[in-house]
Amino acid sequence: MSDTLKLSQARKGARGVIVKVGDHCHHDDGHALELERRLLELGFVEGARIELLYEGLFGRDPIALKVDDMRVALRRHEAGSLTVRLDSAAA
């Protein structure tokens, strides 16, 4: 069985697949659309494999992620725009 959650809620060592980019439930605002565009340009696309490699010391922010074959750092509020399905072994 697998869990689906916002990437901002994941902990170090979590692995899974991106199932949704952006938060389409709320009203569209310019900042949210710009963030979604930037995430897509960085390779955060549906189906991409992710692994949470590092969490900052204060507030667990920023986080470092492996996205397919690259490494990217994000703030937790940015990671909240991504929904992931965690692998059951890593959950």
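Strands here are DSSP runs of E with at least two residues, helices are runs of H or I with at least four, and both are numbered from the N terminus. Two strands pair if DSSP finds at least two bridges between them. Everything below comes from a predicted model, where local features need pLDDT of at least 70, side-chain atom pairs count only at pLDDT 80 or more, and totals for chains, interfaces and linings use all residues. Residues are numbered from 1 along each chain as its sequence is written, and side-chain values use heavy atoms, with hydrogens and water left out.

**View 1. Six strands make one open sheet.** Reading across the sheet, the order is S1-S6-S2-S3-S4-S5, with antiparallel pairing. Strand S1 (3–6) and strand S5 (70–74) sit at the edges, each with pairing on one side only. Neighbouring strands are turned by 35° against each other on average, direction ignored; for such angles, axes are lines fitted to C-alpha atoms (for helices over the stretch in contact), and values run from 0 to 180 degrees between N-to-C directions. As a reminder, strands of a sheet pair through backbone hydrogen bonds, either parallel or antiparallel.

**View 2. S1 meets strand S6 (residues 82–86).** This antiparallel pair runs over four bridges. To find your place in it, look for Lys6, which stands opposite Thr83 in S6.

**View 3. Bridge partners can be followed from S2 through to S5.** Start at Gly16, which stands opposite Ile50 in S3; strand S2 (residues 15–21) and S3 are antiparallel and share three bridges. Ile50 in turn stands opposite Val67 in S4, and the antiparallel pairing of strand S3 (residues 49–55) with S4 runs over five bridges. Val67 then has Met70 as its bridge partner in S5. S4 and S5 are likewise joined in the antiparallel sense, over five bridges.

**View 4. Strand S4 (residues 63–67) has a buried face and one that is not.** Ile63, Leu65 and Val67 point to one face and are buried, while Ala64 and Lys66 point the other way and are not. Buried here means under 20% relative accessible area, exposed means over 50%, and partly exposed is in between (1.4 Å probe, protein chains only). In a regular strand the side chains alternate between the two faces of the sheet.

**View 5. Leu7 is among the best-connected residues of the largest nonpolar core.** This core has 21 residues, and Leu7, Phe44, Leu65 and Leu74 make the most contacts inside it. S2, helix H1 (30–41), S3, S4, S5 and S6 each give it two or more residues. A nonpolar core is a set of buried Ala, Val, Leu, Ile, Met, Phe, Trp, Tyr and Cys residues joined through side-chain atoms within 4.5 Å. Leaving aside residues up to four places away in sequence, Leu7 touches Ile50, Leu65, Arg76, Ala79, Leu82 and Val84; contact means heavy atoms within 4.5 Å.

**View 6. The loops on either side of S4 hold some unusual backbone.** Most residues other than glycine have a negative phi, and most peptide bonds are trans. In the loop between S3 and S4, Arg60 has a positive phi near 55°. Right there too, a cis peptide bond joins Asp61 and Pro62, with omega about 0°. Asp68, in the hairpin of S4 and S5 with its two residues between the strands, also takes a positive phi near 55°. Arg60 counts as partly exposed because its relative accessibility is 27%, and Asp68 is partly exposed too, at 39%.

**View 7. Glu55 in strand S3 reaches polar partners.** At 16% relative accessibility, Glu55 counts as buried. Its side chain has a polar contact of 3.2 Å with the side chain of Arg60, and one of its polar side-chain atoms lies 3.4 Å from the backbone nitrogen of Lys12. A polar contact is a pair of N or O atoms within 3.5 Å; within protein, one must be able to donate a hydrogen and the other to accept it, and residues adjacent in sequence count only if both atoms are side-chain atoms. Not counting residues up to four places away in sequence, Glu55 also touches others, including Ala10, Pro62 and Arg76.

**View 8. Arg37 sits in helix H1.** The side chain of Arg37 makes polar contacts with the side chains of Glu34 (2.4 Å) and Glu41 (2.4 Å). Arg37 is partly exposed, with 38% relative accessible area.
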